[in-house]
Amino acid sequence: MTGKICGTGSYVPPHVMDNDDMAKLVDTNDEWIRERTGIARRHVAEQETTSFMAGQAALRAVEQSGIAPEEIDMIIVATSSSETIYPCAACEVQKTIGAVNAAGYDLNAACTGFVLGFNAAQAYISAGMCRTVLVVGAESMSHMIDWTDRSTCILFGDGAGAVLLRAQEGAPVWTAAHSDGKKGPALTGLSRHRKDWEKEGEEKESYIHMDGQAVFKFAVRKVPEIIEEILEKSGVSADEIDYFILHQANRRIIEAVAKRLKIDISRFPMDLEEYANTSAATVPILLDEMNRQGMFRKGHKLILAGFGAGLTWAGCLFEW
Ligand code: COA
């Protein structure tokens with residue numbers, strides 16, 4: 001058994017900030033941001049919380065699937081920016097959609113979280129532990145960034161995406177995942193309340209800190225590697241893949257991955273111009289947009305790949 005996607009949904013806050021709006025906050029400009037990242041706008045939560053956005057995306061996925069919420073066995077919410085540590089966002093989603101028979105938990109692997117959650121859902125289904133699993137990626141990155149740091153604040157946005165998976169006979173799902181904890185300092189989101197920092201007397205904020213060039217190099221090397229690893233495991237050739245749906249961090253990263261793999265960029269869909277990097281939410285938001293535009297056909301072969309803080313990276317190959 002494998003998990004087939006039978007519904008997708010997404011939610012982004014209506015409030016939009018374009019690059020000119022960012023230029024009113026920090027010393028930057030539209031041309032620099034577009035050229036270095038491909039980002040033009042980002043949606044920013046005003047009243048919406050992470051679990052609210054997760055719940056809205058989930059409602060849309062469930063509605064599209066036609067499956068009753070009571071049939072959902074498991075809810076996994078990938079997030080590193082939930083408004084509460086507990087109750088976890090997955091339990092909030094359970095409440096919102098009325099999935100009274102589901103178990104739920106949150107998964108924190110930054111921008112890689114959704115793909116890891118998707119792979120976990122596939123494992124539950126193929127092991128016979130679950131029949132119907134909801135996987136959500138949801139983030140309020142606007143709470144995590146330092147709005148005075150031009151090197152990071154321009155990169156991120158808020159939103160949520162969800163997929164509902166149902167057990168079916170079908171082509172196998174191939175997965176791979178890696179972490180490199182030694183490289184963790186390249187991208188950190190620090191908690192204000194760590195006792196050891198207080199002892200050291202250091203002032204640490206809960207903001208994102210990043211060595212942009214180190215993260216860029218990591219992504220451009222590791223994403224092609226993991227795609228090749230999955231292709232090799234599966235015996236599927238790159239030519240047979242209809243779409244490579246990558247974490248939407250930066251257009252230049254995606255272009256460099258396509259170039260390294262010698263695959264035409266047209267098979268790497270992107271929506272980061274509109275939403276920027278919504279961390280764990282980028283992949284399911286893009287999946288939902290493509291699905292609602294009718295871009296997927298039964299039997300289409302897709303590769304998902306995520307990468308981010310940890311450092312972490314993961315991927316999978318499955319058929320629509
Ligand atoms: N507007 C204008 N100038 C900016 C700026 C901004 N928003 N941010 C940084 N700069 C400046 C820098 O201060 C630096 O100026 P200097 O040369 O006078 O010192 C100059 O632009 C070049 O900075 P640099 O950091 O070398 O730029 P870059 O080409 O590496 O681009 C990133 C920066 C962040 C866009 C790029 O490194 C990147 O995309 N990295 C990956 C980040 C990412 O995707 N992270 C999430 C992964 S999950």
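A residue is taken as buried when its relative accessible area is under 20%. By that cut-off Ile245 is buried, because its relative accessible area is 0%. Ile245 belongs to strand 11, which spans residues 243–246, and the values given here come from a predicted model. Leaving aside residues up to four places away in sequence, Ile245 touches Pro269, Val283, Leu286, Leu287, Met290, Phe296, Leu302, Ile303, Leu304 and Ala305. Of the elements that supply these neighbours, helix 11 covers residues 282–292 and strand 12 covers residues 301–308. A further link across the sequence is given by Gly306, which is 61 residues from Ile245 along the chain, with 8.8 Å between the two C-alpha atoms.

The setting for this residue is a protein chain with eleven helices and 13 strands. A compact globule of 320 residues would have a radius of gyration near 20 Å, and the 19 Å of the protein chain therefore agrees with that expectation. Along the principal axes, the C-alpha atoms fill a box of roughly 55 × 45 × 35 Å. Buried residues make up 55% of the 320 residues. Among contacts with a separation of 6 or more, 76% are between residues 24 or more positions apart. The surface exposed by the protein chain comes to about 13900 Å², with 49% of it supplied by carbon and sulfur atoms. As for charge, there are 32 positive and 44 negative charges, and their mean positions are 5 Å apart.

Helix 4 offers a clear case of burial within one element. In this helix, residues 89–97, the buried residues are Ala89, Ala90, Val93 and Ile97. These residues lie on the same side of helix 4, because they cover an arc of only 100° around the axis. The cover over them includes helix 3 (50–65) and strand 4 (74–78), together with strand 5 (103–107) and strand 6 (132–140). After helix 4 comes Gly98, with a positive phi near 75°. On the other side of the helix in sequence, the loop between strand 4 and helix 4 holds Pro87, and the peptide bond joining Tyr86 and Pro87 is cis, with omega about 0°.

Some further backbone details deserve a look. Most residues other than glycine have a negative phi, and most peptide bonds are trans. A cis peptide bond also runs from Gly310 to Leu311, where omega is near -10°. Leu311 sits in the loop between strand 12 and strand 13, the latter formed by residues 312–319.

Two alanines have a positive phi. Ala110 has a phi near 50° and is placed in the loop that connects strand 5 with helix 5 (113–126). Although in a loop, Ala110 counts as buried because its relative accessibility is 12%. Ala276 shows a positive phi of about 60°, and its place is the loop between helix 10 (272–275) and helix 11. With a relative accessibility of 1%, Ala276 therefore counts as buried too. Helix 11, which follows the loop of Ala276, leads back to the starting point, since residues 282–292 take in Val283, Leu286, Leu287 and Met290, which are among the residues that Ile245 touches.

How values were computed: Residues numbered from 1 in each chain as written. Predicted model: local features only at pLDDT ≥ 70, side-chain atom pairs only at ≥ 80, totals over all residues. Heavy atoms only, no water. Helix = DSSP H or I, 4+ residues; strand = E, 2+ residues; numbered from the N terminus. Buried < 20%, exposed > 50% of the residue type's maximum accessible area, 1.4 Å probe, protein only. Contact = heavy atoms within 4.5 Å. Rg over C-alpha atoms; globule rule 2.2 N^0.38 Å. Areas by Shrake-Rupley, 256 points an atom, 1.4 Å probe, with all protein chains shown as cover. Lys, Arg positive; Asp, Glu negative; His and termini not counted. Charge placed at Lys NZ, Arg CZ, Asp CG, Glu CD. Arc of directions from axis to C-beta.
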